[in-house]
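Colleague: I have the file open and some time before the next run. Can you walk me through it?
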Amino acid sequence: MSDKLNIAFIGNGKSTNRYHAPFILTRPDTMRIVKIYARNLNKTDWARIDGVEYTDHLEAVLEDPEIDVVVITLPHHVHYTYTKMALEAGKNCVCEKPFMPTKKEAEELFSLARDKGVMLQCYQNRRFDSDFLTVQKVIESGKLGDLLELEMHFDYYRPEIPESITQYHPEFSYLYGHGCHTLDQVISYFGKPDRIHYDVRQLLGEGRMNDYFDLDLYYGILKVSVKSSYFRIKSRPSFVVYGKKGMFEKYDKDRQEADLKKFYLPMGHSDFGMDAPENYGTLTYYDDNGYHEEKVPTVKGDYGYYYDALYATIKEGKPQLVTPEQTILQMEILEEGVKDLK
């Protein structure tokens, strides 16, 4: 058995080439991409990765004993089909988010993974967003005191997207497509909420895309609000946190995605995804010495940390980073949020 984590992808689109491969390639001592399955090998949207075998034969991935883990990065309406095939082939499996259309399908696949003695895990790279990591650092400093309220915003001004869609499909809703990022951050840090208030809308009317959501998750006295819209011409702060002694506000989101979109990649760029001082969040609080207002240097984010944890799970037997219970809870929240839309 190789000491390296041997990885294969089912899918050769934006997800594989933008959000996975660049981070794996910065870790050549512990992991490598062995194969990539592409349904159409003639597509040249993305440059080929040196040393990787590309194939349009699914069996070449599923029957290769060298491969430790198969990563599903196809569109999410086919996640169930391909994840099930990987598990039935006895492969450890990572599936992109949103994980499955329904909680029932998620539960079925986790049960299958247990029966086969393999690992199944959702890809939740946003746990390693720099703004989210910085919020954790501020909370854990104790300077805010007891937490009262936390607001998370994931805003766009892209009206052309909802305006172009004239049919409603639950699994293609905005809550599924973007709530899967922020809701996992909440679940990973705070756990299961006591209760949830849902405000999930179709701003253009029935039969149109879900293009807005505002969920309040309650943890005792703490309220965590997860809000997103396609119609915010000016984005709200990424995070605002209020405690009994102070508050923290960070406007700018993690920069990894912005750099990746410009093909400014982590390999060879030590400043990849890094905030400049003008992007730092502001911490305002009272203590025994009076009033304070200070900038908080942003904690470095790295989506590759997900793969470091995956290595530890598969090669060293460590617990999964993203547990089945966390993923099933998120699917339950997503389903509940869109159940009344038509």
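Colleague: Start with the largest pocket. How many residues line it, and which lie nearest its centre?

Modeller: This is a predicted model, so read everything as computed from it. The lining of the largest pocket has 39 residues, and those nearest the centre are Lys-14, Ser-15, Tyr-19, Thr-73 and Lys-97.

Colleague: What volume does the largest pocket have?

Modeller: About 1,100 Å³.

Colleague: Which elements give two or more residues to its lining?

Modeller: Helix 1 (14-24), helix 7 (174-190) and helix 8 (256-261). Helix 7 provides the largest share, with five residues.

Colleague: And how does the lining divide into nonpolar, polar and charged?

Modeller: There are 14 nonpolar, 14 polar and 11 charged residues in the lining.

Colleague: Back to helix 1. How many of its residues are buried?

Modeller: In helix 1, 10 of the 11 residues are buried, so the rest of the structure largely encloses this helix. The buried ones are Ser-15, Thr-16, Asn-17, Arg-18, Tyr-19, His-20, Ala-21, Pro-22, Phe-23 and Ile-24. Ser-15 and Tyr-19 are also among the residues nearest the centre of the largest pocket.

Colleague: What do the buried residues of helix 1 pack against?

Modeller: Three strands and two helices: strand 1 (5-10), strand 2 (31-37), strand 4 (69-72), helix 8 and helix 9 (304-316).

Colleague: Take strand 1, then. Is Asn-6 buried or exposed?

Modeller: Asn-6, which sits in strand 1, has a relative accessible area of 2%. The cut-off for buried is under 20%, so Asn-6 is buried. Leaving out residues up to four places away in sequence, Asn-6 touches Arg-32, Val-34, Glu-66, Ile-67, Asp-68 and Val-69.

Colleague: What about Asp-3, in the segment before strand 1: buried or exposed?

Modeller: Asp-3 counts as exposed, at 64% relative accessibility. Apart from neighbours within four places in sequence, Asp-3 is in contact with Thr-30, Tyr-311 and Lys-315.

Colleague: How far is Asp-3 from Asp-254, C-alpha to C-alpha?

Modeller: The separation is 32 Å, and the two are 251 residues apart along the chain.

Colleague: New topic. At what angle do the axes of helix 3 and helix 4 cross?

Modeller: The axes of helix 3 (residues 79-88) and helix 4 (residues 103-116) cross at roughly 10° and come within 9 Å. Helix 3 and helix 4 are therefore roughly parallel to each other.

Colleague: Which residues make the contact?

Modeller: Helix 3 brings Tyr-80, Thr-83, Lys-84, Leu-87 and Glu-88, while helix 4 brings Glu-105, Glu-108, Leu-109, Leu-112, Ala-113 and Lys-116. By class, five are nonpolar, one is polar and five are charged.

Colleague: Why do residues three or four places apart point the same way in an α-helix?

Modeller: Because an α-helix has 3.6 residues a turn.

Colleague: Now the backbone. Which residues does a cis peptide bond join?

Modeller: Lys-97 and Pro-98, with omega about -10°. Pro-98 is in the loop between strand 5 (92-95) and helix 4. Lys-97 came up before, as one of the residues nearest the centre of the largest pocket.

Colleague: Last one, Phe-263. What is its phi?

Modeller: Near 60°, which is positive, and Phe-263 is a residue other than glycine. Phe-263 is in the loop between helix 8 and strand 13 (281-287).

Colleague: Is Phe-263 buried or exposed?

Modeller: Phe-263 has a relative accessible area of 53%. The cut-off for exposed is over 50%, so Phe-263 is exposed.

Definitions and conventions: Residues numbered from 1 in each chain as written. Predicted model: local features only at pLDDT ≥ 70, side-chain atom pairs only at ≥ 80, totals over all residues. Heavy atoms only, no water. 1 Å grid on protein atoms, 1.4 Å probe; cavity = no way out; pocket = protein on both sides within 12 Å on 5 of 7 lines; lining within 4 Å. Points joined across faces, edges and corners; volume = space filled by probe spheres on them. Helix = DSSP H or I, 4+ residues; strand = E, 2+ residues; numbered from the N terminus. Nonpolar A, V, L, I, M, F, W, Y, C, P; charged D, E, K, R; others polar. Buried < 20%, exposed > 50% of the residue type's maximum accessible area, 1.4 Å probe, protein only. Contact = heavy atoms within 4.5 Å. Axes fitted to C-alpha atoms, helices over the stretch in contact; angles between N-to-C directions. Parallel < 35°, antiparallel > 145°, perpendicular 65-115°, else oblique.
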